[in-house]
Amino acid sequence: MERGNHTVVTEFVLQGLAKNWELQLFFSALLLLFYAIILPGNILIIVTIRSDPRLGSPMFFFLSSLALMDLCYSTVTPPKMMANLFTHQKTISYQGCLAQIFFIHFLGGAEIALLIAMAVDRYVAICHPLHYTTIVNRAICRMLVAGSWAGGFIHSMIQMVLIIPLPFCGPNELDNFFCDITQIIKLACTNTYALEFVMFVNSGLVTATCFIILLVSYGVLLAKVRTGSAQGKSKASSTCITHIIIVCIMFGPAIYIYCRPFQDFPFDKVVAFFHTVVFPLMNPMIYTLRNKEIKAAMFRLLKKIISRGDK
């Protein structure tokens, strides 16, 4: 398709994780192995929390929502990456590229909002324990989760409104294995300086600000827990530490990618791979490994499934 004297780009070429085909095949094999081990574990977490009445507290409701978001997030980019690898193609359509950008920022924004909601939940549980069940009831939990999805949608739509009008009429190669704003904006046939600044604020600055607020909040909560009474101190402290680990895993790569000029750096692909594929699948597993109640409930569910199969 042509517009004036320029050819309008209808597809982009993804260079992949590595230029060597055998190395890309190795990464894909690792990815399939990782999915085969971790993906069923995350599904088991969701099923366990939703089916066990003893895991009815808001914290577990939020955890199952986080696991669902992470499952969705980790399926945005790998299918296309593996399809291109096994078919020896490197292209993605313009519409497919926009779809990847939309869902990456939709689910990423929703996860950030949910992590803030989980921090609010811990604040009420630690600072106002006597009023916890009345303040953080099931209706409030549903509203917070719905608000997280809505916040992610608004964040992503801002990116779409800014990207869709851009003209693409020249180079169409993306030095990555998926589409993202940091890559695609550099291919536009127009001056994008002001646009890059807006996207830096919407993605980078907002992410960094939320990260700092969450770290400070959990630091204050940890200090309060350790200076309080001994009852429940260990469990509350462990929960806060787990949340801090997840916040660092979630926000660290995002800050690296979006809180800087939209330029290529040597570790970009590695960081992006862990950020979009590996870490989202690991987040719920980290919560589970540090929580005795979920582990006990998972064993009960597995025993029930096995006993039914033996009948």
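Colleague: What is the handedness of the crossing of H1 and H2?
Modeller: In this predicted model, the crossing of H1 and H2 is left-handed. The axes of H1 and helix H2, which spans residues 58-73, come within 9 Å and cross at roughly 150°.

Colleague: Are H1 and H2 roughly parallel or roughly antiparallel, and why?
Modeller: Angles over 145 degrees count as roughly antiparallel, and H1 and H2 cross at roughly 150°, so these two helices are roughly antiparallel to each other.

Colleague: Which residues make that contact?
Modeller: On the H1 side the contact is made by Leu39, Asn42, Ile43, Ile46, Ile49 and Arg50, and on the H2 side by Phe60, Phe61, Leu63, Ser64, Ser65, Ala67, Leu68 and Leu71. Sorted by class, the contact of H1 with H2 has 10 nonpolar, 3 polar and 1 charged residues.

Colleague: Ile43 is in that list; is Ile43 buried, partly exposed or exposed?
Modeller: Ile43, which has its place in helix H1, counts as partly exposed, because its relative accessibility is 43%. Its C-alpha atom is separated by 19 Å from that of Arg308, a residue 265 positions apart from Ile43 along the chain.

Colleague: And Leu66, where does that one lie?
Modeller: Leu66 lies in helix H2, and at 0% relative accessibility Leu66 counts as buried. Leaving aside neighbours within four places in sequence, Leu66 is in contact with Glu111, Leu114, Met118 and Tyr287. From C-alpha to C-alpha, Leu66 and Ala110 are 9.2 Å apart in space, with their positions 44 residues apart in sequence.

Colleague: Back to H1 for a moment: at what angle does H1 pack with H3?
Modeller: Helix H1, residues 21-51, and helix H3, residues 78-86, pack at an angle of about 135°, and their axes are 10 Å apart. That angle makes H1 and H3 oblique to each other, and H1 passes H3 in a left-handed crossing.

Colleague: What residues are involved there, and how many are charged?
Modeller: From H1 the contact uses Trp21, Gln24, Leu25, Ser28, Leu31, Leu32 and Tyr35, while H3 supplies Pro78, Met81, Met82, Leu85 and Phe86. By class, the contact of H1 with H3 has 10 nonpolar and 2 polar residues, with no charged residues.

Colleague: What about the loop between H2 and H3, is Thr77 buried or exposed?
Modeller: Thr77, which lies in the loop between H2 and H3, counts as buried, because its relative accessibility is 1%. With neighbours within four places in sequence left aside, the contacts of Thr77 are Gln100, Ile104, Phe177, Phe178, Thr276 and Val277.

Colleague: Changing topic, how do H4 and H8 cross?
Modeller: The axes of H4 and helix H8, the latter covering residues 193-227, come within 11 Å and cross at roughly 20°, and H4 and H8 are therefore roughly parallel to each other. The crossing of H4 and H8 is left-handed.

Colleague: Which side chains meet, and what is the class make-up?
Modeller: I would keep to residues here: H4 contributes His105, Ile112, Leu115, Ile116, Met118, Ala119, Arg122, Tyr123, Ile126 and Cys127, and H8 contributes Ser203, Thr207, Cys210, Leu214, Tyr218, Leu221, Lys224 and Val225. By class, the contact of H4 with H8 has 13 nonpolar, 3 polar and 2 charged residues.

Colleague: Val220 isn't among those you named for H8; is Val220 buried or exposed?
Modeller: Val220 has its place in helix H8 and is exposed, because its relative accessible area is 53%. The C-alpha atoms of Val220 and Tyr123 are separated by 9.5 Å, and these two residues are 97 residues apart along the chain.

Colleague: Last topic, which residues touch the most other members of the largest nonpolar core?
Modeller: In that core, which has 48 residues, Phe12, Cys97, Ile101, Phe168 and Phe273 touch the most other members. The largest share of this core, 8 residues, comes from helix H4, residues 94-127. There is also a second, separate core of 45 residues, and among its members are Leu44, Ala119, Ala125 and Ile246.

Colleague: And what is Phe12 in contact with?
Modeller: Setting aside its neighbours within four places in sequence, Phe12 is in contact with Lys90, Thr91, Ile92, Tyr94, Cys97, Phe168, Asn172, Leu174, Ile184 and Leu187.

Terms used. Residues numbered from 1 in each chain as written. Predicted model: local features only at pLDDT ≥ 70, side-chain atom pairs only at ≥ 80, totals over all residues. Heavy atoms only, no water. Core = buried A, V, L, I, M, F, W, Y, C linked by side-chain atoms within 4.5 Å. Buried < 20%, exposed > 50% of the residue type's maximum accessible area, 1.4 Å probe, protein only. Helix = DSSP H or I, 4+ residues; strand = E, 2+ residues; numbered from the N terminus. Contact = heavy atoms within 4.5 Å. Axes fitted to C-alpha atoms, helices over the stretch in contact; angles between N-to-C directions. Parallel < 35°, antiparallel > 145°, perpendicular 65-115°, else oblique. Left-handed = near helix turned anticlockwise from the far one by under 90°. Nonpolar A, V, L, I, M, F, W, Y, C, P; charged D, E, K, R; others polar.
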